[in-house]
Amino acid sequence: MKVRIHGQILELCQGDITHQEVDAVVNAANCSLAGGGGVDGAIHRRGGPDIMRETDEKYPDGCPTGSAVISGAGNLPARHVIHAVAPVWSGGARGEAALLAGAYARCLELAVENGCSSIAFPSLGTGAYRYPLDQAARIALSTAIDFLNTRGRPELVRFVLFDAGAYGAFAAALEELSGNTPK
Ligand code: ADP
């Protein structure tokens with residue numbers, strides 16, 4: 001599913017984030033950037049040890065929840081990995097929505113600052129961190145839509161959903177938010 005926002009493309013696909021040929025892929029990291037399972041495990045396995053070597057050196061204090069940092073992409077087909085830290089879901093009253101939106105917005109900002117014209121996101125927070133999928137999808141997409149509307153960049157924002165359930169949740173949210181007919 002693909003829509004145009006302010007002339008730029010926002011699209012959804014089902015797949016694996018490590019296979020994306022874009023300028024920047026986003027990692028679902030933890031705040032110590034210490035490596036983990038899910039998206040993080042896949043990125044470091046396929047990308048090789050250079051990525052962790054670089055983040056250890058540049059970001060010894062890790063990255064705060066709700067923010068993101070950037071590195072090279074090792075053996076991945078992308079040029080950069082942007083390591084984003086989503087909040088751990090604990091009921092919704094601990095600022096989770098603002099932190100999740102902040103993580104997405106910071107990734108987009110870093111992509112633009114680093115001259116990336118395309119970026120691919122996984123669904124941050126909805127795995128080990130248990131953020132409810134429907135709510136996370138609305139936050140992810142509304143943050144991307146706001147950013148594209150105000151900044152007009154990057155040219156391509158892709159959400160790569162790992163399974164049909166996540167794809168369905170993002171597709172429903174995108175139809176609701178974009179007001180555009182899916183193409
Ligand atoms: P978090 O700790 O932020 O919740 P996870 O990596 O546990 O991050 O999961 C985030 C989402 O990414 C989940 O919906 C999970 O199914 C999905 N996912 C896991 N592996 C991949 C992958 N290789 N590519 C894209 N999405 C993935």
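## Questions about a predicted model and its ligand

A backbone N or O atom of G125 lies 2.9 Å from an oxygen atom of the ligand, in a structure that is a predicted model.

Me: What makes the pair formed by G125 and the ligand a polar contact?
Reply: A polar contact is a pair of N or O atoms within 3.5 Å. The backbone atom of G125 is an N or O atom, its partner in the ligand is an oxygen, and they lie 2.9 Å apart, so the pair is a polar contact. V39 also places a backbone N or O atom 2.8 Å from an oxygen atom of the ligand, while a polar side-chain atom of D16 lies 3.0 Å from a nitrogen atom of the ligand.

Me: How much of the ligand's area does the protein bury?
Reply: Taken alone, the ligand exposes 570 Å², and the protein buries 88% of that. The ligand is surrounded by 15 residues, and the closest are I17, V39, G125, G127 and A128.

Me: Why is C31 not counted in a disulfide with C63?
Reply: A disulfide requires two cysteine sulfur atoms within 2.5 Å. The closest cysteine sulfur to that of C31 is in C63, at 8.3 Å, which is too far for a bond. For C107 the closest cysteine sulfur is again in C63, at 8.6 Å, and that is also too far. By this rule the count comes to 0 disulfides.

Me: Why is C107 called buried, and why is C31 called partly exposed?
Reply: Buried means under 20% relative accessible area, exposed means over 50%, and partly exposed is in between. C107 has 0% relative accessibility, so C107 is buried. C31 has 41%, which falls between the two limits, and therefore C31 is partly exposed.

Me: How do you know that A28 is partly exposed, and where does A28 sit?
Reply: The relative accessible area of A28 is 26%, which lies between 20% and 50%, so A28 is partly exposed. A28 has its place in strand β3, residues 24-29. Leaving aside its neighbours within four places in sequence, A28 is in contact with V39, D40, A84, P122 and L124.

Me: Which residues touch the most other members of the largest nonpolar core?
Reply: Of the 49 residues in that core, L10, L12, I82, I119, F121 and F159 touch the most other members. Helix α4, residues 133-151, gives the most to this core, with 9 residues. A second, separate core has 13 residues, including V25, I43, A73 and V160. In soluble globular proteins, nonpolar side chains tend to be buried together.

How values were computed
Residues are numbered from 1 along each chain as its sequence is written. This is a predicted model: local features need pLDDT of at least 70, side-chain atom pairs count only at pLDDT 80 or more; totals for chains, interfaces and linings use all residues. Side-chain values use heavy atoms; hydrogens and water are left out. A nonpolar core is a set of buried Ala, Val, Leu, Ile, Met, Phe, Trp, Tyr and Cys residues joined through side-chain atoms within 4.5 Å. Buried means under 20% relative accessible area, exposed over 50%, partly exposed in between (1.4 Å probe, protein chains only). Helices (H or I, at least four residues) and strands (E, at least two) are DSSP runs, numbered from the N terminus. A residue is near a molecule or strand if one of its heavy atoms lies within 4 Å of it. A polar contact is a pair of N or O atoms within 3.5 Å; within protein, one must be able to donate a hydrogen and the other to accept it, and residues adjacent in sequence count only if both atoms are side-chain atoms. Accessible areas come from the Shrake-Rupley method with a 1.4 Å probe; for residues, only the protein chains shown count as cover. Contact means heavy atoms within 4.5 Å.
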